[in-house]
Amino acid sequence: MSEFSVVIEHLTKRFGTFVAVDNVTLNVGKGEIFGFLGPNGAGKSTTIRILCGLLAPTSGKAIVAGYNVASDPELVRANIGYMSQRFSLYDDLTVAENIDFFSGIYGVAKDKRPIRKQYALDMSGLVGREDSMTRTLPGGLKQRLALGCAILHEPPIIFLDEPTSGVDPIARRSFWDLIYQLSEAGQTVFVTTHYMDEAEYCHRLALMYKGKMISLGTPAELKQALGKGSMEEVFVESIEREEAASV
Amino acid sequence: MNFRRWWAVTRKEFLHIVRDPLSLYMALAIPLLLLLLFGYALSLDVDHVPTAVYDLDRSSASRELIEQFKGSRYFDIVASASTPDELNAAIDRGKAIIGVVIQPGFGSDLKGGREAKVQLILDGSDSNTASIALGYAQSLVTLYGIEVRAIARERLGAPKVNSIDTRIRVVFNSDLKSRNYIVPGLIAVILMIIAAVLTSLCVAREWENGSMEQLLSTPLRPVEFLLGKLAAYFAIGMIDMVICIVTGVFLFEVPLRGSAVLLIASSALFCFGALCWGILLSTITRNQVIAYQLSMISSFLPAFLLSGFIYSIDNMPPVIQLVSRIVPARYFVTILKGIFLKGVGIQILWAELLALLLYGSIVFFIAVRKMRAKVA
Ligand SMILES: Nc1ncnc2c1ncn2[C@@H]1O[C@H](COP(=O)(O)OP(=O)(O)O)[C@@H](O)[C@H]1O
Ligand SMILES: [Mg+2]
């Protein structure tokens with residue numbers, strides 16, 4: 001086993017003639033919080049879908065948890081948790097029913113189920129609200145519950161695709177506290193965002209633009225390299241340089 | 001195939017169903033409604049035909065014939081005319097559909113072995129009902145004539161004429177009720193529609209609300225997912241089936257001559273195939289509206305037209321006959337009629353049962369393949 005949770009080499013995804021992910025190469029270490037930053041349409045979700053075995057890459061290689069996503073998607077799926085951009089649980093099921101369902105399809109062992117269920121309730125702050133309809137929960141709580149459901153099987157790697165979009169700043173902050181807890185427990189978190197403040201929270205991040213990775217490093221490294229004070233400025237400057245280079 | 005993952009999906013699907021009681025009631029009430037509606041509307045039987053009589057003979061024999069009409073459940077005497085105008089008026093105003101005119105000398109002609117004359121007048125505006133009523137009336141009159149003559153001959157020591165007697169009685173035998181043929185066919189059509197429509201929404205819904213992507217990222221396999229969905233809707237399909245059978249037997253009085261166990265088993269096979277068809281459409285289209293409409297058309301039309309339920313397959317052009325072979329309702333109609341009306345068993349129906357099993361398995365296999373293809 002390598003020390004990397006995710007290894008991506010020359011990964012490319014084309015939809016027809018359109019290149020959504022263009023020759024991306026990067027590694028993510030164990031326990032790292034790795035950020036994928038970029039505007040809409042940059043190819044963040046497409047990359048994550050490939051890493052979760054939902055889309056086949058056009059060319060290049062992706063290794064997740066030691067397994068090739070193209071040849072062993074089932075082994076990959078057993079080792080990851082994924083929160084997609086759109087989904088947040090089944091609205092017509094109660095909190096407990098949602099947890100039980102995901103526990104079932106992730107194949108959590110019978111004796112571990114009560115512990116994991118309690119964990120999910122604790123971390124999402126829903127103890128005592130097990131029988132509430134999920135539809136009635138506020139957005140922030142739903143998001144936390146969705147994360148709880150995605151990690152019931154204690155996956156070593158967690159993919160979060162814009163987990164905090166549409167959630168208020170306070171809820172976002174506490175969601176990031178959860179991400180730190182996971183990372184401290186040794187779980188790798190691969191998270192996409194287009195919020196600049198969230199980029200600062202990542203251990204390392206990649207800037208994505210039009211399918212290309214235009215820079216990679218820790219927030220401090222990226223700011224230093226361009227002599228900028230904030231991620232916002234780094235981001236704008238990087239894109240301008242990229243645009244200038246491609247003309 | 002992992003039992004625990006399958007059960008998680010089945011349970012979740014049941015929860016969706018019970019959380020949406022309106023849809024559940026519809027799923028259970030609509031088959032009954034359709035069966036009642038079509039069961040009555042499509043019936044080719046006629047009874048309680050409003051009848052007007054005009055007795056010009058006024059003999060004991062003519063009165064006895066009128067008594068025969070009164071005693072029959074097929075006719076209700078609504079008017080006794082004393083002039084031709086009265087008789088015509090009763091029919092013109094729609095009060096009566098059929099008029100029975102007993103000509104003068106009817107009684108004496110009958111006894112004397114001469115041709116006794118009864119005239120039947122029909123309201124042609126409902127030609128279907130009228131022609132069936134005419135058939136009944138003719139039979140009743142003929143039967144009456146034969147009986148009178150038989151009694152007369154017996155008195156004179158002549159041999160009885162039994163053979164004709166029974167042949168005519170067949171016309172009134174309840175076994176010729178057209179409903180007996182219509183109800184089993186209807187059950188097949190209704191079950192096909194309901195089952196296909198039920199499942200047509202269930203996979204597309206997951207695509208539309210984004211949960212499918214989530215599910216595909218888990219260890220859950222397409223087979224487990226689809227079998228889980230199937231199991232939940234299978235339960236509803238079988239409840240519908242039982243409702244239809246009970247209604248057919250107890251309300252429409254269709255005789256159930258064959259094995260109830262075989263009936264349930266073959267219904268289960270058919271239900272499985274129909275549910276799989278809905279699942280396949282749902283998987284391919286990923287869109288609830290399109291899947292719903294497609295499932296409606298593709299289940300209703302073939303089941304109605306090509307199953308032999310109303311139109312005999314033997315009379316269709318060879319190409320259409322060939323097409324009808326891929327319509328599962330065709331096999332189910334044959335099975336239902338066989339079990340209900342003929343009381344035949346598996347030794348006669350095995351080929352049809354096999355066809356249903358094959359249909360369900362192939363459609364299910366394709367659905368699983370289609371789901372896998374979407375993943376890659
Ligand atoms: N299945 C698909 N077919 C065609 N184009 C797609 C498909 N999925 C994504 N795209 C395109 O690829 C680009 C990148 O999309 P995406 O990865 O969702 O971006 P991001 O998540 O960074 O906003 C977009 O322009 C999008 O329209
Ligand atoms: Mg996205």
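Helix α1 of chain A supplies three residues to the shell around ligand 1, the largest share. The model is a predicted one. Beyond this ligand, the briefing covers a magnesium site and selected salt bridges, of which the whole structure holds 24 over all chains.

**Shell around ligand 1**

- The surrounding residues are F15(A), F18(A), A20(A), P39(A), N40(A), G41(A), A42(A), G43(A), K44(A), S45(A) and T46(A).
- By character, the shell divides into five nonpolar residues, five polar residues and one charged residue.
- Backbone N or O atoms approach oxygen atoms of the ligand at 3.1 Å for A42(A), at 3.0 Å for G43(A) and at 2.9 Å for K44(A).
- Ligand 1 taken alone exposes 560 Å², and the protein buries 62% of that area.
- Two elements of chain A, β2 (18-29) and α1, each give two or more residues to this shell.

**Magnesium site (ligand 2)**

- The magnesium ion has as protein donors the OG atom of S45(A) and the OE1 atom of Q85(A), at 2.0 to 2.4 Å.
- Because S45(A) belongs to helix α1 (residues 44-51) and Q85(A) to the loop between β6 (80-83) and α3 (95-105), the pair ties together parts of chain A that are 40 residues apart in sequence.
- S45(A) counts as buried, with 14% relative accessibility, whereas Q85(A) is partly exposed at 36%.
- S45(A) is thus listed both among the residues around ligand 1 and among the donors of the magnesium ion.

**Salt bridges in chain A**

- D22(A) pairs with K212(A), with the closest N and O atoms 3.4 Å apart.
- Since D22(A) sits in strand β2 and K212(A) in strand β10 (residues 212-217), this bridge ties together parts of chain A that are 190 residues apart in sequence.
- Both partners are partly exposed, D22(A) with a relative accessible area of 24% and K212(A) at 36% relative accessibility.
- R241(A) and E237(A) form another salt bridge, in which the closest N and O atoms are 3.0 Å apart.
- These two residues are four apart in helix α9 (residues 231-246) of chain A, and therefore about one helical turn separates them.
- R241(A) is partly exposed, at 47% relative accessibility.

**Salt bridges in chain B**

- E206(B) forms a salt bridge with K12(B), and their closest N and O atoms lie 2.6 Å apart.
- This pair links distant parts of the chain, 194 residues apart: E206(B) is in helix α9 (residues 202-208) and K12(B) in helix α1 (residues 3-18) of chain B.
- E206(B) is buried at 3% relative accessibility, and K12(B) is buried with a relative accessible area of 1%.
- Through shared partners, salt bridges join K12(B), E13(B), R205(B), E206(B) and K229(B) into one network.

How values were computed: Residues numbered from 1 in each chain as written. Chains lettered and ligands numbered in written order. Predicted model: local features only at pLDDT ≥ 70, side-chain atom pairs only at ≥ 80, totals over all residues. Heavy atoms only, no water. Donors = N, O, S within 2.8 Å, 3.2 Å for Na, K, Ca; no water. Buried < 20%, exposed > 50% of the residue type's maximum accessible area, 1.4 Å probe, protein only. Near = heavy atom within 4 Å. Polar contact = N/O pair within 3.5 Å; in protein donor to acceptor, adjacent residues only side chain to side chain. Areas by Shrake-Rupley, 256 points an atom, 1.4 Å probe, with all protein chains shown as cover. Nonpolar A, V, L, I, M, F, W, Y, C, P; charged D, E, K, R; others polar. Salt bridge = Lys/Arg side-chain N within 4 Å of Asp/Glu carboxyl O.
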